[in-house]
Amino acid sequence: MIAIPVKDTGDNPEVDERFGRCAFFCIIDDKGTKTFIENSAKDLSSGAGGQAVSILANNDVDVIIAPHIGPKSMTPILELGIKVFSVGNAKTVSEALEGLKLNILKAVGEEKPGLRRV
Amino acid sequence: MKHKEIVLISGKGGTGKTSMTASLIPYFPKLVIADCDVDAPDLDILLEPKILQKEDFIATAKAVIDSSKCINCGNCINVCRFNALSPGDNTPVVKEVYCEGCNACSLVCSSDAISIAPYKTGEIFDSVTEFGPMIHARLTPGEEVSGRLVSEVRKRGKKKAEETNAEVMLIDGPPGIACNVISSITGANLAIIVTEPTTSGLHDLIRVHDTAKKLKVPTAVIINKDGLSSEYSNKIVSYTETQGIILLGRIPLSNKILDSINNKKIPSINAKDFFISNGWELIINNINKMIYSS
Amino acid sequence: MNIVVLSGKGGTGKTTISVNLANIAGSDIALLDCDVEEPNSHLFCNNEFTSYEDVGALYPVIAEDICIHCGKCGSFCNFSAILCTKKMNIVMPEMCHDCGGCSLVCPVDAISYETRTIGHIRRGLFNQEQQFIDGILNIGEFSSTKIIEKVLSQGLDAKHRIIDAPPGSACAAVETVEGADLALIVTEPTPFALSDMKMVVEMLENMKIPAAVFINKSGADETELLEYCKAKELKVVGRLPFFKEYGEVYAKGGLLSSEFPEVNKLFVTLWRDLVNEA
């Protein structure tokens, strides 16, 4: 399952710049079917990113495509083994998925600044 | 094209971070200005921004005790690890400055009298200056969430930069190396460390540079108050060489900057000749090179 | 007596004032540097530190063999330090505020706490006899309050403690000022310093801590500053002008009160006044 932060629901919604505080997540299954989940973490005063990750994990997401993911969200993402791709120039869900298919999206992971783990 | 973010930091306070930030402003025509030194914001003194919109910033929540329900059992006082609750006549007293809003007190309350309510921790201003839009903020003195207020200022600055098609967002950062600095520089295109040739200046330069390095933010250095100690200027220069940090330039110790600040003027405008003769334009060129090469 | 030296704006000379006061205040004092993000007092002290102590912060550890994955700890935590997912529990130690709530909500007692090091404190002597303690926050850590707390627990047997505070008026400054008998606000006659000082004064008023003002780098027009001090009934207890020679001695980590007799006299008088004031 692939997740993309989006500003709205619909056929081909615009990608949301924010990850932890985006309005919705668009979830795309293996058959390409889109479903939307509201991001209930977006109004948290702190740690929205981490909570958003746990929401996605509980929806069996294993790939995230997003413009920018903060270091506090990267820690649990790496822990859960979720793959992350930078959205690049894609502005909409369709463009992002196309980019993934063509293998032109940049994978983000180890080179990201992460919080120190103990 | 996406705007570039330049943030000025220093580790040590008082090295001239705000003076240098202000002096860069006139050289970036399509600009958004963000003052992230939220517990000592000073850029507004020089820029005299016109405030378009002022908004309360509510980032924390704090314990509130309903006196009609409280039986003064004292459970909350015992559970609180932050000494935010102390005994009172009818109900325990909440010291808001210490409360972190963890909610442990309401968990142990025997009469369901405690709730955690949103709390104003600062104000954010959306303003305009003659040089472009400016986002700034003021933390309520004594509050702990300066990192989050900083993030909010940056976020709004970014949005403003997109709306106005700005090329650069210039950020005046806070001193130190903790949460507010981390929030100010994470993901920036360039962090300019303003240092001074003193033992403290060098010591703090190293710590703040380590912080930026850890966050993988490209850095460059400006030595301000050059001439105070040639010994320490040399030490800073050799530190930048061994670390491979670009030394953008050296601004001599001079009353010209202090006089500008005291007259509430931007130093590089008020003392233009002084800045030009000390290579200010070259510094600007090198900054541009750095942000557009990354 | 606890005298805390603070400023709002960085670089006004908190450390200069603190170390020079310590230099002339006699043997029965302790100098505490609570600017644990950028501690600088030690740069003015020629002695080596003699002991070190780690400062830790607690974080929860979930015993997976006991955990029933009810998710209560994760939904309780207001700081998102625990994320409960179907697959596993993830603990983010640096997000934890150490409130103890998660172990209270856990129905099966699966949560215990472990310590991670976030910095350390160092002890030594400032001149010959005066205690000197500072604290250092590890690079990349978010919060300095636990280290400040540890520094402040030191030197309690000294008659007087001189406390060098961090700049600003946020949580670290609050933590340092708590319990002080007198706050000495170091400012300079510039609009920046005045603006930042106002925020510190507001903080001190909220905390009901008596304060006095020291004007460093004096020489410029003080009208606005003095008007503000008068309105707030803040006494100006001293002034130190800026001379390049002073700056040069400071740059190399020298003590102005040892190098210049006039500065020595100034600090002796200031110390006497502060002790009387508090």
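**View 1. Just past helix 2 of chain A sits A:Gly81, with a positive phi near 70 degrees.** This is a predicted model, where local features need pLDDT of at least 70, side-chain atom pairs count only at pLDDT 80 or more, and totals for chains, interfaces and linings use all residues. Residues are numbered from 1 along each chain as its sequence is written, chains are lettered from A and ligands numbered from 1 in the order in which they are written, and side-chain values use heavy atoms, leaving out hydrogens and water. Helices (H or I, at least four residues) and strands (E, at least two) are DSSP runs, numbered from the N terminus.

**View 2. Helix 2 of chain A (residues 71–80) is mostly covered.** Seven of its 10 residues are buried (under 20% relative accessible area, with exposed meaning over 50% and partly exposed in between; 1.4 Å probe, protein chains only). Among those buried are A:Pro71, A:Met74, A:Ile77 and A:Leu80. So what's doing the covering of these buried residues? From chain A the cover includes helix 1 (48–58) and strand 4 (63–66), and chain C adds its own strand 4 (82–84) and strand 5 (89–91).

**View 3. Here is the largest nonpolar core, a set of 101 residues.** A nonpolar core is a set of buried Ala, Val, Leu, Ile, Met, Phe, Trp, Tyr and Cys residues joined through side-chain atoms within 4.5 Å. A:Phe19, A:Ile64, C:Leu6, C:Met197 and C:Leu204 touch the most other members. Helix 6 of chain C (residues 191–207) supplies the largest share, seven residues. There's also a second, separate core of 42 residues, which includes B:Val32 and C:Phe142.

**View 4. Zoom in on C:Leu204 and its contacts.** Contact means heavy atoms within 4.5 Å. Skip the neighbours within four places in sequence, and C:Leu204 is still in contact with C:Leu6, C:Val177, C:Ala183, C:Ile185, C:Ile209 and C:Ala211.

**View 5. On the surface, C:Ile66, C:Ile68 and C:Val108 make a nonpolar patch of about 230 Å².** Patches take residues with over 30% relative accessible area and no salt bridge, joining like charges within 9 Å and nonpolar side chains (Val, Leu, Ile, Met, Phe, Trp, Tyr) within 5 Å. A salt bridge is a side-chain nitrogen of Lys or Arg within 4 Å of a carboxyl oxygen of Asp or Glu. Areas come from the Shrake-Rupley method with a 1.4 Å probe, and for residues only the protein chains shown count as cover. You'll find C:Val108 in the loop between helix 3 (101–105) and strand 6 (111–125) of chain C. Its relative accessibility is 31%, so C:Val108 counts as partly exposed.
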